[in-house]
Amino acid sequence: TYGEFDASFFRHLVGPECALRLWKGRGGDRRPVVVDLGSGAGRLVLYSALMEDGDAAFLMFGGCRGVEALPGLHGAATDAAAALPPSPGRPPVLFVNAPFSDVHATDSALVDADVVFSFSSCMS
């Protein structure tokens, strides 16, 4: 079973207030990094990369990453990322195809993560 998390609720959870609090909390030295574990086709990762604070046009995240175990969903995510038009200032997007238990493979996504998000509509 594959499920999608509501993007507007995701913004409520990790959006402007959260990102700004993290950014200020580290002295403004870098924008926070968000990681979606079980990123599927990459929708929330790409949404994070495009998310702005409407009042300040502040791109909220400094890096947006996803970890997905299923190769087909990972491929859809990387294809969607490659289809984004270039934009200066957009945070880098990284997708890793590996199970969460593969510490060596997921380290590149998690090493400096500030926000780690995970949602599953089913667990096996």
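**Exercise 1. Which residues line the largest cavity?**

Before the solution, two notes on the model. This is a predicted model, where local features need pLDDT of at least 70 and side-chain atom pairs count only at pLDDT 80 or more, while totals for chains, interfaces and linings use all residues. Residues are numbered from 1 along each chain as its sequence is written, and side-chain values use heavy atoms, with hydrogens and water left out.

*Solution.*

Step 1: fix the rule. On a 1 Å grid over the protein atoms alone, a cavity is a set of points where a 1.4 Å probe fits but cannot get out, and lining residues have an atom within 4 Å of a point. Grid points are joined across faces, edges and corners, and the volume is the space filled by probe spheres set on the points.

Step 2: count. The rule finds one cavity of 30 Å³ or more, and the largest cavity holds about 30 Å³ of space.

Step 3: list the lining. Phe10, Val34, Val35, Asp36, Leu44, Val45, Ser48, Cys64 and Arg65 line the largest cavity.

Step 4: sort by class. The lining has six nonpolar, one polar and two charged residues (Ala, Val, Leu, Ile, Met, Phe, Trp, Tyr, Cys and Pro count as nonpolar, Asp, Glu, Lys and Arg as charged, and the others, Gly among them, as polar).

Step 5: place the lining on the fold. At least two lining residues come from each of β1 (33–37), α3 and β4 (63–68). Here helices (H or I, at least four residues) and strands (E, at least two) are DSSP runs, numbered from the N terminus.

**Exercise 2. Describe the overall make-up of the protein chain.**

*Solution.*

Step 1: the elements. The chain has five helices and six strands, which run α-α-β-α-β-β-β-α-β-α-β from the N terminus on.

Step 2: burial. Of the 124 residues, 35% are buried (buried means under 20% relative accessible area, exposed over 50%, partly exposed in between, with a 1.4 Å probe and protein chains only).

Step 3: surface. The accessible surface comes to about 6,800 Å², and 58% of this belongs to carbon and sulfur atoms; the areas come from the Shrake-Rupley method with a 1.4 Å probe, and for residues only the protein chains shown count as cover.

Step 4: contact range. Taking contacts (heavy atoms within 4.5 Å) between residues at least 6 apart in sequence, 77% join residues at least 24 apart.

**Exercise 3. Which four residues touch the most other members of the largest nonpolar core?**

*Solution.*

Step 1: define the core. A nonpolar core is a set of buried Ala, Val, Leu, Ile, Met, Phe, Trp, Tyr and Cys residues joined through side-chain atoms within 4.5 Å.

Step 2: find the hubs. The largest core has 18 residues, and Phe10, Val34, Phe61 and Cys64 touch the most other members.

Step 3: trace the suppliers. At least two core residues come from each of α1 (7–14), α2 (16–25), α3 (43–50) and β6 (115–118). The top contributor is α3, with four residues.

Step 4: zoom in on one hub. Beyond its neighbours within four places in sequence, Val34 contacts Phe10, Ser48, Phe61, Gly63, Cys64, Arg65 and Val115.

Step 5: look for another core. A second, separate core has seven residues, including Val33, Val35, Leu37 and Ala98.

For background, nonpolar side chains in soluble globular proteins tend to be buried together.

**Exercise 4. Threonine 106 and alanine 109: buried or exposed?**

*Solution.*

Step 1: locate the pair. Thr106 sits in helix α5 (residues 103–110), and Ala109 lies in helix α5 too.

Step 2: apply the cut-off. Thr106 is buried because its relative accessible area is 3%; Ala109 is buried because its value is 0%.

Step 3: list contacts beyond four places in sequence. Thr106 touches Val67, Ala98, Pro99 and Phe100, whereas Ala109 meets Val35, Arg65, Val67, Leu94 and Val96.

Step 4: check one distance. Ala109 and Leu94 are 15 residues apart in sequence and 7.3 Å apart in space, C-alpha to C-alpha.

**Exercise 5. Compare serine 39 with alanine 41.**

*Solution.*

Step 1: location. Ser39 lies in the loop between β1 and α3, and Ala41 is found in the loop between β1 and α3 as well.

Step 2: accessibility. Ser39 is buried, since its relative accessible area is 6%, but Ala41 counts as partly exposed at 26%.

Step 3: surroundings. Leaving out residues up to four places away, Ser39 touches Val45, Gly66, Val67, Glu68 and Phe95. Ala41 and Ala81 are 40 residues apart in sequence and 9.8 Å apart in space, C-alpha to C-alpha.

Definitions and conventions:
On a 1 Å grid over the protein atoms alone, a cavity is a set of points where a 1.4 Å probe fits but cannot get out, and a pocket is an open set with protein on both sides within 12 Å along at least five of seven lines; lining residues have an atom within 4 Å of a point.
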